[in-house]
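Here is my note on the model you asked me to look over, set out as numbered points that can be followed with the structure on the screen.

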Amino acid sequence: FDTYSSGFKFRTIYYCLIQVIEEKYKGSTHFLRDKQAMICFVKTDRDKIKFGIKIYESKRFKVAYQNSDFTFHEEPYEPLYVIRFYRLEGDSYEFLKIKNLGLLTCADIMSGLTQRQRKAFRDYYTIMLEKQKKEKD
């Protein structure tokens with residue numbers, strides 16, 4: 001399960017997540033430059049949780065935006081980021097609680113898809129399906 005964010009810079013998303021982990025959960029974070037991922041450590045009453053966070057720029061949205069079949073080129077390109085949380089060590093239930101109740105509720109950062117981005121993905125998949133049908137015929 002991944003979440004989306006748009007309208008924010010790459011670093012801003014990481015900083016918001018760091019703030020939640022360190023202030024709300026009294027955890028620690030370490031950014032791995034070579035892997036472009038953040039490793040987080042949180043101690044709960046039940047277990048010590050180690051998990052990672054990786055942020056990608058959505059290639060699908062970028063391809064959809066650059067495709068000449070779309071009509072929303074009037075608006076400047078704004079990257080759509082995919083945020084992936086993954087557990088490395090510790091209790092999976094505790095990890096899900098931290099992820100769902102703390103990290104995914106950074107409402108100002110975890111903005112999801114805008115209406116324009118949803119429409120772009122729907123249009124993109126419709127066009128791709130039509131191209132596949134034509135290729136089969």
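1. I begin with the second largest pocket, in which about 230 Å³ of space lies; please keep in mind throughout that this is a predicted model. Its lining is made by D2, Y4, Y56, E57, S58, K59, R60, V82, R84, F121 and Y125. Several parts of the chain meet here, since β1 (2-6), β4 (48-57), α2 (59-66), β5 (80-89) and α4 (115-136) are the elements that give two or more residues to this lining. Sorted by class, the lining of the second largest pocket has five nonpolar, one polar and five charged residues.

2. The largest pocket holds about 270 Å³ of space, and the residues that line it are F10, R11, Y14, Y15, I18, T29, H30, F31, R33, Q36 and M38. Two elements, α1 (10-24) and β2 (28-32), each supply at least two residues of this lining, and the largest share, five residues, comes from α1. By class, six residues of the lining of the largest pocket are nonpolar, three are polar and two are charged. For a reader new to such descriptions, it may help to know that rolling a probe the size of a water molecule over the atoms shows where empty space is left.

3. It is useful to step back to the whole chain, whose secondary structure comes to four helices and five strands. Read from the N terminus on, these elements run β-α-β-β-β-α-β-α-α. Of the 137 residues in the protein chain, buried residues make up 39%.

4. The next point is the interior, and here a general remark is in order: in soluble globular proteins, nonpolar side chains tend to be buried together. In this model the largest nonpolar core has 23 residues, of which L17, I21, M38, F51, I53, F85 and L103 touch the most other members. The elements that give two or more residues to this core are α1, β3 (37-43), β4, β5 and α3 (92-103), with the largest share, seven residues, coming from α1. There is also a second, separate core of five residues, and F61, L80, L113 and A120 are among them. M38 deserves a second look, as this residue of the largest nonpolar core also lines the largest pocket.

5. How far apart are the end C-alpha atoms of α4, and does that distance agree with what its 22 residues should span, or disagree? At 1.5 Å a residue the helix should span 32 Å, and the end C-alpha atoms are 32 Å apart, which agrees. The buried residues of α4 are Q117, A120, F121, Y124 and I127, and because they cover an arc of only 135 degrees around the axis, they lie on the same side of α4. On the other side of α4, the residues Q115, R122, K133 and K136 are exposed. The general background is that an α-helix has 3.6 residues a turn, so residues three or four places apart point the same way.

6. The helix α2 can be read in the same manner, for its buried residues are F61, A64 and Y65. They cover an arc of only 100 degrees around the axis, which puts them on the same side of α2. The face turned away from this buried side carries the exposed residues K59 and Q66. One of these, K59, also belongs to the lining of the second largest pocket.

7. Two residues in loops should be checked for their backbone angles. K26, which lies in the loop between α1 and β2, has a phi near 55 degrees, a positive value in a residue other than glycine. K26 is exposed, because its relative accessible area of 66% is over the 50% that the word requires. Q36 lies in the loop between β2 and β3, and its phi is near 50 degrees, again a positive value in a residue other than glycine. With a relative accessible area of 35%, Q36 counts as partly exposed.

8. My last point concerns D45, whose place is in the loop between β3 and β4. Is D45 buried or exposed? D45 is exposed, with a relative accessible area of 86%. D45 and E94 are 49 residues apart in sequence, while their C-alpha atoms are 9.3 Å apart in space.

Methods
Residues are numbered from 1 along each chain as its sequence is written. This is a predicted model: local features need pLDDT of at least 70, side-chain atom pairs count only at pLDDT 80 or more; totals for chains, interfaces and linings use all residues. Side-chain values use heavy atoms; hydrogens and water are left out. On a 1 Å grid over the protein atoms alone, a cavity is a set of points where a 1.4 Å probe fits but cannot get out, and a pocket is an open set with protein on both sides within 12 Å along at least five of seven lines; lining residues have an atom within 4 Å of a point. Grid points are joined across faces, edges and corners, and a volume is the space filled by probe spheres set on the points. Ala, Val, Leu, Ile, Met, Phe, Trp, Tyr, Cys and Pro count as nonpolar, Asp, Glu, Lys and Arg as charged, and the others, Gly among them, as polar. A nonpolar core is a set of buried Ala, Val, Leu, Ile, Met, Phe, Trp, Tyr and Cys residues joined through side-chain atoms within 4.5 Å. Buried means under 20% relative accessible area, exposed over 50%, partly exposed in between (1.4 Å probe, protein chains only). The expected span of a helix is 1.5 Å times one less than its number of residues. The arc is that of the directions from the helix axis to the C-beta atoms.
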